[in-house]
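Got the viewer open? Then let's walk through some helix packing and the empty spaces between the helices, one selection after another.

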Amino acid sequence: MLDQSAITLQLSIVERNQSCCAALALLIWDFIINIEDEWRCIWSTSPVFMNPVKFGYLYVRYFTIVCHSINVYFAINSLSAVPIKPSLCILWFSIVLWCSYSLVVVFNILMMLRVYALYGKDKKVAASLFILLIIDGAISISYALRSIPALNLDATCRAHRGFKHILQFTLVVIMTQSTLLYLTIRKRKIVPDCSHPLIALVVRDSAWIWILFCGIFLANLPYSKMAAVIRIDISFMWPTAIMSIAVCKIVINMQKLKVETPVDESVYLTSHISLPDESTRISQREIFA
C-alpha cells in the first residue's frame with residue numbers, strides 16, 4: 001500500500017493536472033464563443049499577416065492554445081508518475097517559462113502599439129517605448145536565467161525557494177503596465193474639454209488591462225509566499241490563459257469599431273484616430289492599420 005506521503009504527492013499531481021485542463025478548457029471555450037467575431041474582424045478584412053496587430057492577435061490566441069494543449073498532454077502522461085526525474089522537471093519548467101514570457105512580450109508590444117498610435121507615431125514616444133521594452137526584457141530574461149538553476153524542485157515538479165524571483169518579475173510587470181497606463185491617460189483628451197470616443201475606449205481598456213495583469217501577479221504572491229512553492233499551473237498557465245483572453249478581447253473590440261463604423265463618419269474609429277488640428281480640420285492618425 002502507498003504511504004500517506006505518496007498519496008499526498010499523487011493527489012497534488014491530480015490537482016495540478018485538473019487545474020491545467022481547466023485553463024485549457026477556458027481558452028477553448030473563449031475561442032468558440034468568439035469565433036464569429038474573429039472571422040468578421042480578423043480574417044475577413046485586410047491581409048492578416050501584413051498587419052502587426054492582427055498577427056499579434058493570432059499569436060496570442062493560437063500559440064497560447066497550442067502551448068496549453070502540449071502542457072496538458074505532457075502533464076497527464078510523462079509528468080504524472082511520482083517521482084518525476086529532476087532533469088525532466090527542469091526541462092518542463094524552462095519550456096513553460098520561455099513560452100509564457102514570449103506571450104508576455106507580445107502582450108506588451110500590442111499595448112505599446114496602441115500608445116504609439118495615440119501619440120501620432122511620435123518618434124520620441126517610439127524610442128521611449130522601445131527602451132521600456134528592452135528594460136523589461138533584460139530584467140525578465142535575467143530573472144529567468146537566474147531562477148531556473150536556483151529552483152529546488154520536488155518529486156512533483158513544484159519549485160521551492162522561488163518567491164523572490166516571482167516578486168521581481170511581478171515588479172517588472174507593474175512597472176511596464178503602469179508606464180503604459182500613464183502614457184494612455186495623458187492622452188485621454190486630444191482637444192481641451194473634448195474627450196475623443198476612441199481615446200475613452202483605449203483608456204478604459206488600458207485601465208482594465210492594468211488591473212487584470214497586475215492583479216494576477218499580485219494575487220500569486222501571497223500563495224507563493226505562504227505555500228513556499230511555485231506551481232506551474234498557478235504561476236504560468238492560468239495567468240497566460242487569462243491574459244490571452246483579455247488581449248484578444250481588446251483587439252476584437254477595436255476591430256469591431258473599424259468594421260461597424262461607416263466610412264463617412266467624422267470620427268474614424270480603430271483604423272484611424274481623428275485629431276482636430278489648429279484649423280479644426282481632421283488629420284488622421286493610424287492606431288490599428
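Select helix H3 (52–76) and helix H4 (86–118): the axes of H3 and H4 come within 10 Å and cross at roughly 160 degrees. That angle makes H3 roughly antiparallel to H4. A word on the source: this is a predicted model, where local features need pLDDT of at least 70 and side-chain atom pairs count only at pLDDT 80 or more, while totals for chains, interfaces and linings use all residues. Residues are numbered from 1 along each chain as its sequence is written, and side-chain values use heavy atoms, with hydrogens and water left out.

Some terms before you click on. Helices (H or I, at least four residues) and strands (E, at least two) are DSSP runs, numbered from the N terminus. Axes are lines fitted to C-alpha atoms, for helices over the stretch in contact, and angles run from 0 to 180 degrees between N-to-C directions. Angles under 35 degrees count as roughly parallel, over 145 as roughly antiparallel, 65 to 115 as roughly perpendicular and the rest as oblique.

Stay with H3 and H4, whose crossing is left-handed (the near helix is turned anticlockwise from the far one by less than a right angle; clockwise would be right-handed). Now show side chains at the contact (heavy atoms within 4.5 Å). On H3, pick out residues including Tyr-57, Val-60, Phe-63, Cys-67 and Asn-71; on H4, the partners include Trp-92, Val-96, Leu-103, Phe-107 and Leu-110. Colour this contact by class and you get 16 nonpolar, four polar and no charged residues. The classes work like this: Ala, Val, Leu, Ile, Met, Phe, Trp, Tyr, Cys and Pro count as nonpolar, Asp, Glu, Lys and Arg as charged, and the others, Gly among them, as polar.

Next, add helix H2 (residues 35–43), which packs on H3 at an angle of about 150 degrees, with the axes 11 Å apart. H2 and H3 are therefore roughly antiparallel to each other, and H2 passes H3 in a left-handed crossing. Glu-38, Cys-41, Ile-42 and Trp-43 of H2 meet Lys-54, Tyr-57, Leu-58, Arg-61 and Tyr-62 of H3. The class colours here give six nonpolar, no polar and three charged residues.

Now hide H2 and bring up helix H6 (163–186). H4 and H6 pack at an angle of about 15 degrees, with their axes 9 Å apart. That makes H4 roughly parallel to H6, in another left-handed crossing. Tyr-101, Asn-108, Met-111, Met-112, Val-115 and Leu-118 are the H4 side of the contact, with Phe-169, Thr-176, Gln-177, Leu-180, Leu-183 and Thr-184 on H6. By class, that is eight nonpolar, four polar and no charged residues.

Time for the spaces. On a 1 Å grid over the protein atoms alone, a cavity is a set of points where a 1.4 Å probe fits but cannot get out, and a pocket is an open set with protein on both sides within 12 Å along at least five of seven lines; lining residues have an atom within 4 Å of a point. Grid points are joined across faces, edges and corners, and a volume is the space filled by probe spheres set on the points.

The largest pocket has a volume of about 290 Å³. Centre on Ile-70, Asn-71, Trp-92, Ile-95 and Val-96, the closest to its centre of the 17 lining residues. H4 gives the largest share of this lining, eight residues. Twelve lining residues are nonpolar, five polar and none charged.

How many cavities of 30 Å³ or more are there? The count is four, and the largest holds about 160 Å³ of space. Select Leu-97, Ser-100, Phe-169, Phe-217 and Phe-236, the closest to its centre among 16 lining residues. H8 gives the most to this lining, with five residues.

Last stop: the second largest cavity, with a volume of about 80 Å³. Its lining includes Met-111, Arg-114, Gln-177, Leu-180, Ser-206 and Trp-210. Seven of the lining residues are nonpolar, three polar and one charged.
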